[in-house]
Amino acid sequence: LKLQFLYLIVRARRARGHSGEPTMPAPIKALAKMKGTQNVQPWTYTPRALHEYDVELAITHCGVCASDVHQVDNDWKIPQRLPLVPGHEVVGTVVDAGAKAAVQRGVRVGVSPQVGACLSAACAACGQGDTQYCRRTVDVYQGVHKESGTRSHGGFAERMVVDSRFVYPIPDALPSAQAAPLMCAGVTVFSPLSRYGRKGARVGVVGIGGLGHMALQFANALGCEVTAVSHSPGKEALARSLGAHRFLVSSDGAAMAKARGTFDLLLITISARFSWDQFAGLMALDGTMCLVGVPEARVDLNAMQLVMRRVSIVGSLIASPQEIRAMLALAAAKGISAMVQELPMSDANVALDRVRRGTPRFRDVLVQNLSPPKGKL
């Protein structure tokens, strides 16, 4: 990977004629969904020219999230811009940078699902630092850059061009493969835990998957009293090894009845159907149920469950730049990382199929092999 980085930085310098001024990056090899397919295929595209805040990354790793599968399969039935390059858990090294870029060449960085926003002080979201809720947000793929009108493309690729204000230096203590899932799964659970949790808070984490296994670690690191909630009794040892102090089997009626009214925060990381009334019954006075998974079914519960204990239901979307930086710092300090299996990036379709079947424990991470070094540097 070090040799590959040197090769790409030389390519970037040659592309701008040794002038030192960032211009148009070379064409990028990627894997993209094409019209009428449910897989990804080799595709080469020309990225936008680097603007003053932009950086060009040589991608080394990219996590494979369930959202990538939903996009490739078009499960959400939203209009798609094709070809579509998935991948929003990206780690790479900066090989070129604009004049005002926040990071410079040689820095290892991560990219999350958001790569742009209006950043205006007048914006209700950006003005308070919550750029992920900006109405002019630009997603890492399927987005459109307002200034240039060009499309954004994700991390199933050899390189990418991105606004440096939405890239985050990776601490040395975090290996790249384990750090990649932090850029989506990690930030998604850290944000509500830091907002609604507190030291000593009684936190329940529903689901021990890609999101849940990260949530258990962060909740423990934040000093919460952590309970893992799962339908599978066989996951207790794993949950405790990840930081859970207690384990609650959601299919055990007696145990669920005993746990009623005991959680200050219930972080729901699953998208499968569940009983809203059952989970609402677990909440303490002024408790908060927070959705980071998106359930397949509509919300259906007895409103008295909320009224009688002043329970709130909220959702949370990825994280703000400040929260992402704080998450990475805490992960490095506490040794928090994702459990991953590495696959070559050329096997992206294998990884997508594994996610469809629910095979990964708990994240597949693609390792760069689309752009091996060629010839002399």
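Which residue in E4 does His-61 stand opposite? The partner of His-61 is Val-91. You are looking at a predicted model, in which local features need pLDDT of at least 70, side-chain atom pairs count only at pLDDT 80 or more, and totals for chains, interfaces and linings use all residues. Residues are numbered from 1 along each chain as its sequence is written, and side-chain values use heavy atoms, with hydrogens and water left out. Here is a friendly tour, grouped by topic.

**Strands E3, E4 and E5**

- Helices (H or I, at least four residues) and strands (E, at least two) are DSSP runs, numbered from the N terminus.
- Strand E3 covers residues 54–64 and pairs with E4 in the antiparallel sense, over 8 bridges; two strands count as paired if DSSP finds at least two bridges between them.
- On its pairing with strand E5 (residues 108–111), E4 is again antiparallel, with 4 bridges.
- Val-91, which you met above as the partner of His-61, also stands opposite Gly-110 in E5.
- Strand E4 (residues 89–97) is mostly covered, since 9 of its 9 residues are buried; here buried means under 20% relative accessible area, exposed means over 50%, and partly exposed lies in between (1.4 Å probe, protein chains only).
- A handy rule for looking at strands: in a regular strand the side chains alternate between the two faces of the sheet.

**The open sheet of six strands**

- An open sheet of 6 strands follows the order E12-E11-E10-E13-E14-E15, and its pairing is parallel.
- Strand E12 (246–249) and strand E15 (312–315) are the edge strands, each pairing on one side only.
- On average, neighbouring strands of this sheet are turned by 20° against each other, direction ignored.
- Strand E13 (residues 263–268) and strand E14 (residues 283–291) run parallel and are joined by 5 bridges.
- Within that pair, Leu-265 has Thr-288 in E14 as its bridge partner.
- Helix H4 (residues 185–196) lies across strand E10 (202–206), E13, E14 and E15 and runs at about 165° to E13; axes are lines fitted to C-alpha atoms, for helices over the stretch in contact, and angles run from 0 to 180 degrees between N-to-C directions.

**Salt bridges**

- The structure holds 17 salt bridges, each being a side-chain nitrogen of Lys or Arg within 4 Å of a carboxyl oxygen of Asp or Glu.
- One of them joins Glu-89 and Arg-363, whose closest N and O atoms are 2.8 Å apart.
- This pair links distant parts of the chain, with Glu-89 in strand E4 and Arg-363 in strand E17, 274 residues apart.
- Glu-89 counts as buried because its relative accessibility is 0%, and Arg-363 is buried with a relative accessible area of 7%.
- Arg-363 sits in strand E17 (residues 363–367).
- Not counting residues up to four places away in sequence, Arg-363 touches several others, among them Val-64, Cys-65, Pro-181 and Gln-341; contact means heavy atoms within 4.5 Å.
- Another salt bridge brings together the side chains of Arg-198 and Asp-264 (3.9 Å, N to O).
- That pair also links distant parts of the chain: Arg-198 is in the loop between H4 and E10, while Asp-264 is in strand E13, 66 residues apart.
- Arg-198 is partly exposed at 48% relative accessible area, whereas Asp-264 is buried at 14%.
- Asp-353 and Arg-356 form a salt bridge too, with their closest N and O atoms 2.5 Å apart.
- Asp-353 and Arg-356 are 3 residues apart in helix H11 (residues 348–357), so about one helical turn separates them.
- Asp-353 is partly exposed, with a relative accessible area of 34%, and Arg-356 counts as partly exposed at 33%.
- Glu-56, Glu-158 and Arg-159 are joined into one network by salt bridges that share partners.

**At the surface**

- His-231 lies in the loop between strand E11 (225–230) and helix H6 (236–241).
- His-231 is exposed because its relative accessible area is 59%.
- Leaving aside neighbours within four places in sequence, His-231 is in contact with Val-249, Ser-250 and Ser-251.
- From C-alpha to C-alpha, His-231 and His-61 are 32 Å apart in space, and they are 170 residues apart in sequence.
- Val-307, in helix H9 (residues 304–307), counts as exposed at 57% relative accessibility.
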